[in-house]
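Here's a structure to walk through together, from a metal site out to the strands and loops around it. Have the model open and follow along as we go.

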Amino acid sequence: MIKIAPSLLSADFSRLADDIKTVKTADYLHFDVMDGLFVPNISVGIPVLKSIRSCTDAVLDVHLMIERPVRYIKAFADAGADIIVSHVEADQPQNIIEAIETAKNCGKKAGLALKPKTPAEVVLPYIRQLDMVVVMTVEPGFGGQSFMADQMYKVAAVRKMIDKMNPGCELEVDGGVNPETAKLCINAGANVLVAGSDVFRAADRAARIRELKGER
Ligand code: DX5
Ligand code: ZN
């Protein structure tokens with residue numbers, strides 16, 4: 001089954017609770033955290049996640065685009081994250097392992113995200129411990145960028161690793177997903193699609209979520 005995770009980065013932050021209701025048919029809610037260091041933008045963090053947790057039962061898929069994420073895993077777990085994704089480039093391996101273990105010890109799912117220039121093999125040492133791998137199809141930092149189709153080889157490579165070593169692990173694609181590029185992602189082996197601008201721009205968001213899944 002294909003899952004859709006609307007990215008709240010493209011929602012209206014002055015009326016988040018209302019926007020969240022408009023995407024309640026989605027599988028996950030994707031929450032992008034940016035620190036102005038790991039990426040050249042600053043978004044939202046722990047207090048906003050806590051407020052969102054109080055107004056929805058949705059699965060909160062938290063994408064940490066921050067340096068040394070291990071410092072904040074417990075805080076995001078306590079604030080109500082369900083899946084906590086760190087960037088593999090954001091720290092040295094020992095701390096990445098600790099970030100994954102901390103999320104698990106808090107009873108949460110743990111994921112690792114890869115920037116476009118990061119090769120698939122980088123996730124190999126961690127893959128058996130992961131609940132999700134995220135392949136970025138834009139340079140992280142901003143919504144509304146163009147899809148990088150050249151990342152599909154990486155989605156296919158990670159799919160092979162997952163099938164061989166940890167079949168329960170989810171494979172998410174993040175960036176530039178629309179009904180056309182969604183097909184490429186699904187064909188390459190992704191099972192979770194993040195879509196920010198495409199979903200929140202749509203007049204009928206529930207219909208758009210169905211369309212992204214390949215249902216009409
Ligand atoms: C980019 C974020 C994405 C972003 C996707 O750094 O990680 O989740 O919101 O936005 P769209 O779907 O508009 O490319
Ligand atoms: Zn994201």
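A quick word on donors before we look at the metal: they are N, O and S atoms within 2.8 Å of the metal (3.2 Å for Na, K and Ca), and water is not among the atoms, so sites may look incomplete. With that in mind, the donors of the zinc ion (ligand 2) are spaced H-x1-D-x30-H-x110-D along the chain. Bear in mind that this is a predicted model, in which local features need pLDDT of at least 70 and side-chain atom pairs count only at pLDDT 80 or more, while totals for chains, interfaces and linings use all residues. As for bookkeeping, residues are numbered from 1 along each chain as its sequence is written, chains are lettered from A and ligands numbered from 1 in the order in which they are written, and side-chain values use heavy atoms, with hydrogens and water left out.

Which residues hold the zinc ion (ligand 2)? His30 does so through NE2, Asp32 through OD, His63 through ND1 and Asp174 through OD, at 2.0 to 2.3 Å. The angles among the six donor atoms run from 71 to 171°, and the site is octahedral. Six donors earn that label if opposite ones are over 155 degrees apart and all others between 65 and 115. For six octahedral donors, the ideal angles are 90 or 180 degrees.

Now pick out the two ends of that spacing. His30 sits in strand β2 (residues 28-34) and Asp174 in strand β7 (residues 170-174), so named because strands (E, at least two residues) and helices (H or I, at least four) are DSSP runs numbered from the N terminus. The two are 144 residues apart, and the pair links distant parts of the chain. Both His30 and Asp174 are buried, where buried means under 20% relative accessible area, exposed over 50% and partly exposed in between (1.4 Å probe, protein chains only).

Asp174 leads us into β7 itself. Five of the five residues of β7 are buried, so the strand is largely enclosed by the rest of the structure. Glu170, Glu172 and Asp174 point one way from β7, while Leu171 and Val173 point the other way.

What flanks this strand? Strand β6 (residues 132-136) runs parallel to β7, and five bridges join them; two strands pair if DSSP finds at least two bridges between them. Met132 has Glu170 in β7 as its bridge partner. To get from β6 to β7, the chain passes through helix α5 (residues 152-165), in a right-handed β-α-β crossover. Right-handed here means that, with the strands pointing away from the viewer, the path from the first strand over the helix to the second runs clockwise.

β7 also pairs with strand β8 (residues 192-195), in the parallel sense and over three bridges. Glu172 stands opposite Val192 in β8, and Asp174, one of the zinc ligands, has Val194 as its bridge partner there. The chain goes from β7 through helix α6 (residues 179-188) to β8, and this β-α-β crossover is right-handed as well. In β8, Val192 and Val194 point one way and Leu193 and Ala195 the other way, and all are buried. Carry on to strand β1 (residues 3-6), which runs parallel to β8 and is joined to it by four bridges. Here Ile4 stands opposite Leu193.

Next, a few stops among the helices. Ile100 has its place in helix α4 (residues 93-105) and is buried, with a relative accessible area of 6%. Its C-alpha atom is separated by 8.1 Å from that of Ser86, 14 residues apart along the chain. Over in helix α6 you'll find Ile186, which counts as partly exposed at 27% relative accessibility. Ile186 and Ala156 are 30 residues apart in sequence and 9.8 Å apart in space, C-alpha to C-alpha.

The loops deserve a look too. Arg68 lies in the loop between β3 (59-65) and α3 (73-78), and its phi is near 45°, a positive value in a residue other than glycine. Arg68 is partly exposed, with a relative accessible area of 41%. Gln145, in the loop between β6 and α5, is also partly exposed, at 30%.

How values were computed
Tetrahedral: all angles 85-135°; square planar, octahedral: opposite > 155°, others 65-115°.
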